[in-house]
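Please look through the structure below, and then follow the explanation, which goes from a metal site to the sheet and the helices around it.

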Amino acid sequence: MVLAEDQGGKGRAVAPLSRGGGRGGGRGDGGEGSAILPPVGTPSRIGRWLRKGRRKLIHRNQVDFVYSQRYQLELPGATYDSRRGERILTFLDSTGLLGRRAVHRPEPATFRHLRRVHTDEYLDSLNQPGALTTVVGYQLAEEFADRILETQRVMVGGTLLATRLALGSRCIAINLGGGLHHAFASRGERFCVFNDVAVAIAELRETGFQGKILVIDLDLHDGDGTRSLFAGDATVHTFSIHNQTNGADDAVEATIVEIAGSVQDEAYLEAVRERLPPVLERFQPELVFYLAGSDPAADDQIGNWKISAAGMLERDRFVVSCVRGRVRGRERRLPIPLAIVLAGGYGMNAWRYNARFFSALLNRGRPLEPPTTEEITLVRFRQLAREIAPHELTGEATEGDWGLTADDILPGIAAQRPRRLLGYYSLQGMELTLERSGILDRIRSFGFPHPTLEFDLDNPAGDTVRLYGDEPKTELLIEGRVRIDRATVPDAALLRLEWLLMQNPRATFTPQRPRLPGQKYPGLGLLPDVMALLIVACDRLQLDGLLFVPGHYHIASHGRKYLRFADPADEAFLRALEKALHGLPLSEATHAVEQNRVVDVRTGRSVSWRSMPMVVPVTERLQERITGEEYERKVAEAEMELTLT
Ligand SMILES: [Zn+2]
């Protein structure tokens, strides 16, 4: 599908820093540097697959993925993880399961595509200021409105492409976005502007596909927009199991199952197992869409159901087995092409449900357990780091430059040449790193269109990096001071983080995010990213790890996701603190420590916060020293008991 319109990313607010310099060509779509985004696959193998015969297709499911970095829409205050698709691909790539040509890049849907489903009045109205207020539910800056439209058009293009791939291979194609099921013909609701599945179906009808189509919508929410769009169409069955029915229920071909309350695995899986197979048997679809929403999961940030990870996986595998092979133990004559879209899923864990499911599809039914979001962030940053050559970071001449430096030509200039952070990163190199890692995009999404970086290398206590939200440098967002420390931990060279300030001066504290000691403003939510950047810096500088001395209990407690105490006695102290403060909200717990309300049971004396170095091991030799039996033995020796007064 070649879409002449909109190539080159209409309205992409961010000019990649690397444009015109460096080798990467920016982090635009599938930029050549990106290992996980290979070029669009060729259709030639479709023929090969078809020739391989039907029996084999049942057992060897080809799985294609559709993804664009333009899906990564950062919106202020959104609970949606804009990097969900990227994390899924990073994980699948790291397992080695992802074929070289398995990922395809979509183009935005054209106006022609959209108007097959949506009314002209509605599409025209989207150009009016404030048009998206009713769709997203709050007032939005115009730049974000443009980006929502852009993102959703690309996602619709993704579902169009996935549909073609699924039909072409008669296998499975997955759009790592889409599922915008609350979009109606003449209005959008709950963040859905364009109904991607409906647009894909309309396109199929236009090109002559007459087969019956089943839409299985297992997002937590009612697929009301899709049902409404096909209410009078007997060739499209919409199947939705959800927490609350919103739309009309008079469609000619629809299954509507509402389950109220805080639903758990048993009731949910029973509903899927009872209701789906009869529909497939009776309706006999020739194409199936599956909205594999992960918002029914227990830890979803907005969902009210309590489905376990095992329950979610069981659901997904059941759907695939119904569609692709077996119905009640009998093998279907031919598996039905299946196009999967992500749909809902909120919070930083949403990607893991899809990742688990897709790994099972790629790994002959055996799922692989995805790492934590922090770990996958580091995996991704290390991938990105491999795509940046050292000279791009240091600004040093490469061999091809005749070996001449400024000193050779104009000796006077050498003295004025800017020094580098940690003796390594040039200012531009650091900007490149922040841009490629997506951190600057996220900063822009918080409402700071011109983030500005500054180095301060004159302080003997360490090199300082500051990131401001604006060019005049009035709004400080990130300040970090680093130096190389060879003394604190014997026989280890560490990157010492003297301090790290991350704040959003335009955000306000809320009851959910109360002020913590040492905070003037709420944080940025970028800790996993910044930690990953620092670890990658250790890789670059061949340091054993990262060193940090937390000034408050809440920072140490947060930091434990990444860091371990260098001294086993400190580890014992923190474990005892955590035990004594168990059940308290973090802000209260940290206040309790500051106010010396924690008492050593043996001595009866109150304990106070102390300087305790924490490390993230990067080399194996440091890793060995702060984990393992010997370390644990020393922690046990230092065990203490604390209590809260
Ligand atoms: Zn939902």
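What is the site of the zinc ion like, judged by the angles among its 4 donor atoms? The site is irregular, with angles of 53 to 156°, a word used for whatever is neither tetrahedral (four donors, all angles between 85 and 135 degrees) nor square planar or octahedral (four or six donors, opposite ones over 155 degrees apart and all others between 65 and 115). This is a predicted model, in which local features need pLDDT of at least 70 and side-chain atom pairs pLDDT 80 or more, while totals for chains, interfaces and linings use all residues. Residues are numbered from 1 along each chain as its sequence is written, and side-chain values use heavy atoms, without hydrogens and water.

The zinc ion is coordinated at 1.9 to 2.7 Å by Asp219 (OD), Asp219 (OD), His221 (ND1) and Asp295 (OD), donors being N, O and S atoms within 2.8 Å of the metal (3.2 Å for Na, K and Ca); water is not among the atoms, so sites may look incomplete. Asp219 lies in the loop between strand E4 (213–217) and helix H9 (224–229), and Asp295 in the loop between strand E7 (287–291) and helix H11 (309–324), so the pair ties together parts that are 76 residues apart in sequence. Helices (H or I, at least four residues) and strands (E, at least two) are DSSP runs, numbered from the N terminus.

An open sheet is formed by 8 strands in the order E2-E1-E3-E10-E7-E4-E5-E6, with parallel pairing, where two strands pair if DSSP finds at least two bridges between them. Strand E2 (103–104) and strand E6 (254–258) stand at the edges with a single partner strand each, so one side of each is left without a neighbour in the sheet.
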